[in-house]
Amino acid sequence: MTQNSVVLTGRIAFAPKTFDTKSGGKIATFVLNVWVGKDKDGKSQYIGINVKTFDSKYAEAVAALGQGADIAIVGRLTVDSFEKDGKKQYTTSVIAD
């Protein structure tokens with residue numbers, strides 16, 4: 001089976017959140033604003049991509065860069081599900097390697 005792969009460049013939208021794991025590692029989550037082109041009026045359009053990293057050194061680096069930093073990410077797509085108001089919801093995010 002082939003694993004998916006994505007490469008993104010963008011700007012960190014909000015201050016990254018970091019979490020310590022029981023095993024002593026670190027996880028970071030953040031939103032990456034990615035430029036997707038211009039609208040019919042010529043204004044730049046961006047989308048927010050949820051990103052997670054489970055590698056401690058990358059989590060610390062992202063946290064140190066902080067909001068507004070321009071970065072490039074290599075990773076893979078993942079889909080998570082959760083219940084909200086009794087309905088199953090899905091969210092797509094990138095696991096950064």
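I began with contact range in this predicted model. Among contacts in the protein chain between residues at least 6 apart in sequence, 46% join residues at least 24 apart.

Next I looked up the order of elements. I found one helix and six strands in the protein chain, and from the N terminus they run β-β-β-β-α-β-β. The C-alpha trace spans about 50 × 40 × 35 Å along its principal axes.

I then turned to surface and charge. I noted 29% of the 97 residues as buried. The accessible surface is about 6900 Å², with 52% of that belonging to carbon and sulfur atoms. For the 13 positive and 10 negative charges, I found mean positions 3 Å apart.

I checked the largest nonpolar core, which has 13 residues. Those with the most contacts inside this core are I12, F30, L32, V51, I71, I73 and V94. At least two core residues come from each of strand 1 (6-12), strand 3, strand 5 (70-84) and strand 6 (87-96). I followed F30 further: beyond its neighbours within four places in sequence, F30 is in contact with I12, P16, I49, N50, V51, V62, I71 and I73.

Which strand holds K26? I placed K26 in strand 3 (residues 26-38). Its side chain makes a polar contact with the side chain of D20, at 3.1 Å. Leaving out residues up to four places away in sequence, I listed what K26 touches: T18, F19, D20, T21, T53, F54, D55, S56, A59 and E60.

T53 is on that list, so I looked there next. T53 lies in strand 4 (residues 44-53). Is T53 buried or exposed? T53 has a relative accessible area of 1%, and because the cut-off for buried is under 20%, I entered T53 as buried. Outside the residues up to four places away in sequence, T53 touches K26, I27, A28, Y58, A59 and A96. A polar atom of the T53 side chain lies 3.5 Å from the backbone nitrogen of D55.

From D55 I went on to the helix. Which residue caps the N-terminal end of helix 1 (residues 56-65)? I found that D55 does, with a side-chain oxygen 3.0 Å from the backbone nitrogen of K57. D55 thus enters my notes twice: its backbone nitrogen is placed by the T53 side chain distance, and its side chain caps helix 1. At the other end, I recorded a positive phi of about 75° for G66, just after helix 1.

Key:
Residues are numbered from 1 along each chain as its sequence is written. This is a predicted model: local features need pLDDT of at least 70, side-chain atom pairs count only at pLDDT 80 or more; totals for chains, interfaces and linings use all residues. Side-chain values use heavy atoms; hydrogens and water are left out. Helices (H or I, at least four residues) and strands (E, at least two) are DSSP runs, numbered from the N terminus. A polar contact is a pair of N or O atoms within 3.5 Å; within protein, one must be able to donate a hydrogen and the other to accept it, and residues adjacent in sequence count only if both atoms are side-chain atoms. Contact means heavy atoms within 4.5 Å. Buried means under 20% relative accessible area, exposed over 50%, partly exposed in between (1.4 Å probe, protein chains only). Accessible areas come from the Shrake-Rupley method with a 1.4 Å probe; for residues, only the protein chains shown count as cover. Lys and Arg count as positive and Asp and Glu as negative; His and the chain ends are not counted. The place of a charge is taken as NZ of Lys, CZ of Arg, CG of Asp or CD of Glu. A nonpolar core is a set of buried Ala, Val, Leu, Ile, Met, Phe, Trp, Tyr and Cys residues joined through side-chain atoms within 4.5 Å.
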